Structure formats: structure tokens, C-alpha cells
Amino acid sequence: MARRRAALEAVMEARDVAHLLIYGAANSGTAVPWLCGWPVTTEAACVMSPGVRDALYVQYYNHLPLARRETPNADVDWGGASTIATVAEEIRRRGGADGRIGVVGPLPFSRRDALADATGAEIVDLSRDYTRLRLVKSDEELDWFRIGAALSDLSIDALMAALRPGLTERDLADIVERAYVPWGGKPGIHFFGVTSMANPDLEVPRQFTSPREIVAGDIMFTEITATFRDYGGQVLRSFAVGAEPTPLYRDLHAAADAAFDAIVGCLRPGAVPADIVAAGQVIEQAGFTICDDMVHGYGGGYLPPVLGLPSRRDEPLPDLTLEAGMMMVVQPNVITKDGQAGVQTGECVLITETGAESLHSAPRGFLSV
């Protein structure tokens, strides 16, 4: 935690910012738990100034007792009737009026304007600077991410054991959460898609579960993240239910497996986004395309590089070079060009000095139940 705070102070100095507001709301805003240890609930705002103890303000009032227990390195108090007004008062008390205030996190325009009006300060967005700090993981972070990955793998084990005709996507959500909640895990995402392999009408998992009942001959594909605190894995798999995969689905998954292997094979320090996209183009060479992002950075947010394929849409490649300690989700979600069928495979990997190491142990391949 001390190392993180020092890194933020270096950013503040480089950007000529004397005070920093770290903000989160509605369970969003990764910088608050990263610096303070408090998972954001309704609203949380941390005021940070070099040489001064941090002040964390939370909503609601009944969240205050736990926030104080979870955040020993800051003075924790209720945000009052207006958290941003309380923050402005604290910054003025620290001598921050009419200066430059840095902000990290999803601060709404209305609150930004209220902070500027109340302090007379210039508001400087440091969220991109913070994102750069999250790209390379520490050894301590990786210990916790490995726990999140293991909890996510429990979901795949549970689906292998319980998936059968007659269940609905809602039943699958229940199965998945029961696998990791007893171990202290909490839901990140669990997206499911179910369609007939003989007559498909769905290319990617749904973000909201449906009551669609599974029958023999279906494919069920899924994307799952279970988290330990704010540290999660991510695992994507496809299941053939009560039947062998059809020729189309065998071809789709073969392309996905080939893309996964090619992409993972090029992930090493010094690689650039163009290398990754070129590796993934085996999907297009097989006559297919993608819907979701093919690769994205991970761990502390949806991080760069976020990459697709030219056949999905033309987009500029980020100016970024891979380093050891970065985490990425490789997820070649191969679909037909008409958007009627698709598969999911992939998982979270760590970039090491010698290549990419998976954080997951869930079985690979087109799974059958």
C-alpha cells in the first residue's frame, strides 16, 4: 500500500497537483480499494495530499463502521448530505483552494463542477495516469489474482458436474455462484448463451440470463469472473450438451483454439499490439470473425490493450509495448460472419520474462456433458 501511495504521489508531482480526489460510486471505481482497501459500495471519496493522512468519506452512514475497520491507513468518516461538499471542505482545510486538484475515478460532471465551484480550483483528470500504474502487477497483487482465478475455475468444475438438459440459464447462474461463494468469492460476471447447434441463433453469451431451457444438441457458452475482494480471474468456455459438436461448431472452436495458441505464443515482453492482431487473424483465414474484443488487459479494470480484428471493425492500435507483470485476457470468441453462431474460449494470462503463463487450471477445449 505504501508503494502504491508513493507511485500516486509521483504522478501528482509530475502533473503539478497538490491534492488528489480518488472517487468511486455504485460499486465502480477501482482506485479506492487499490489505495484504501475499501471496496466501493454506494459512494466513496478519498482525499490524498502528500505528507497528510488520507481522508476517506463513504455513503451510506451504516457503511461507516465496516469502512473504518477495513481502512486502517485513512481517517474514515461519513460523507454527509453531500459527499462532494464534504470533500471540498476538506480540501479547503488543507489549503487546496484556488490550486489544482487531481481526480481519479468516475466522477460525474455535476460533482466535478460542484468541486470546482466550491474550491475555485482547476480540476485535472489523472485517471489515465492511474491506469498506467495498474498495468504491471506486484507480487502481492498476483497472489490475490491467483485466488480469484481459482474461484473462477470452480465455476467451470461445477458446470461440468451439473450442466444437463432441463436447466435454464438462471439455473446456471445459481450453480456458478454456489461454487465460489462458500470460499469467500463474490460475483464479477457470469454470462451464458444457449442455442441449438443444428439451428443456431446466438453468437455470444447474454449479459442477462434468460429462462431458455437447455435441450440435448445445444451449445452452452459462458464467460465467468469470480472475485476475491476486487481481484478476479476470467475464464471462457463452450459446452456441447448431450450431443457431439456439429461440423460448423467443430470448425468454429478449432479456429478459436488456433487463435488462442497463436496469441498466447506471441505474448512476451517487447511484443506490440500489431503482433497480437496478426496472430489472431487465423480466425479470419478460417472464414470467421469475432464480436467481443479478442484480447484486453486485465486486473484493476478493463485495461489496454483492447484489440479486435479488421473484419469486425477498423480501429487504431494503441501505442503500447508488453512488459513482464502485465495481465491479459485472451478470448478469441469466434463467430460466423452472419452472426448466427459462435463459441467462447480463453482465460486470463500473466506476461512473464519468458512468455505467457495462464492463471487458470480449468480444462481447455470444447467441453462435452
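**Exercise 1. The two sides of a helix**

Which residues of helix H6 (residues 127-134) are buried? Keep in mind as you work that this is a predicted model.

*Solution.*
Step 1: Go through H6 and pick out the buried residues, which are Ser127, Asp129, Tyr130 and Arg134.
Step 2: Look down the axis of H6: the buried residues fall within an arc of 160°, so they line one face of the helix.
Step 3: Turn to the other side of H6, where Arg128 and Arg132 are exposed.
Step 4: Look for what covers the buried residues of H6. Among the helices, the cover includes H1 (2-14), H2 (31-36) and H7 (139-162). Strands S5 (100-104), S6 (122-125) and S13 (303-307) are also part of the cover.

**Exercise 2. The surroundings of a second helix**

Find the buried residues of helix H4 (83-93) and say what they pack against.

*Solution.*
Step 1: The buried residues in H4 are Thr83, Ile84, Thr86, Val87, Ala88, Glu90 and Ile91.
Step 2: These buried residues pack against S1, strand S2 (43-49), S3, strand S4 (74-78), S5 and helix H5 (109-119).
Step 3: Move on past the helix. H4 is followed by Gly95, which has a positive phi near 85°.

**Exercise 3. A serine in a loop**

Is Ser210 buried or exposed, and which residues does Ser210 touch?

*Solution.*
Step 1: Locate Ser210 in the loop between strand S7 (186-196) and strand S8 (218-228).
Step 2: Compare its relative accessible area with the cut-off. The value is 12%, and buried means under 20%. Ser210 is therefore buried.
Step 3: List the contacts. Leaving out residues up to four places away in sequence, Ser210 touches Thr168, Glu169 and Arg170.
Step 4: Check the side chain for polar partners. A polar atom of the Ser210 side chain lies 3.1 Å from the backbone nitrogen of Arg212.

**Exercise 4. Two helices that cross**

Describe how helix H9 (residues 247-266) and helix H10 (residues 273-280) are arranged.

*Solution.*
Step 1: Take the axes of H9 and H10: they come within 8 Å and cross at roughly 155°.
Step 2: Apply the cut-off: angles over 145 degrees count as roughly antiparallel. H9 and H10 are therefore roughly antiparallel to each other.
Step 3: Add the handedness: the crossing of H9 and H10 is right-handed.
Step 4: Name the residues that make the contact. H9 contributes Ala259, Ala262, Ile263 and Cys266, while H10 contributes Asp275, Ile276, Ala279 and Gly280.

**Exercise 5. Backbone details**

Where do cis peptide bonds join Gln59 to Tyr60 and Pro304 to Pro305 in the structure, and what is the phi of Asn27 and of Asp98?

*Solution.*
Step 1: Begin with Gln59 and Tyr60, whose cis peptide bond has an omega of about 0°. Tyr60 sits in the loop between strand S3 (52-59) and helix H3 (64-70).
Step 2: Pro304 and Pro305 are also joined by a cis peptide bond, with omega about 0°. Pro305 belongs to strand S13.
Step 3: Asn27 is not a glycine, yet its phi is positive, near 65°. Asn27 is found in the loop between strand S1 (19-25) and H2, and is exposed, with a relative accessible area of 64%.
Step 4: Asp98, also not a glycine, has a positive phi of about 65°. Asp98 lies in the loop between H4 and S5 and counts as exposed at 63% relative accessibility.

Definitions and conventions
Residues numbered from 1 in each chain as written. Predicted model: local features only at pLDDT ≥ 70, side-chain atom pairs only at ≥ 80, totals over all residues. Heavy atoms only, no water. Buried < 20%, exposed > 50% of the residue type's maximum accessible area, 1.4 Å probe, protein only. Helix = DSSP H or I, 4+ residues; strand = E, 2+ residues; numbered from the N terminus. Arc of directions from axis to C-beta. Contact = heavy atoms within 4.5 Å. Polar contact = N/O pair within 3.5 Å; in protein donor to acceptor, adjacent residues only side chain to side chain. Axes fitted to C-alpha atoms, helices over the stretch in contact; angles between N-to-C directions. Parallel < 35°, antiparallel > 145°, perpendicular 65-115°, else oblique. Left-handed = near helix turned anticlockwise from the far one by under 90°.
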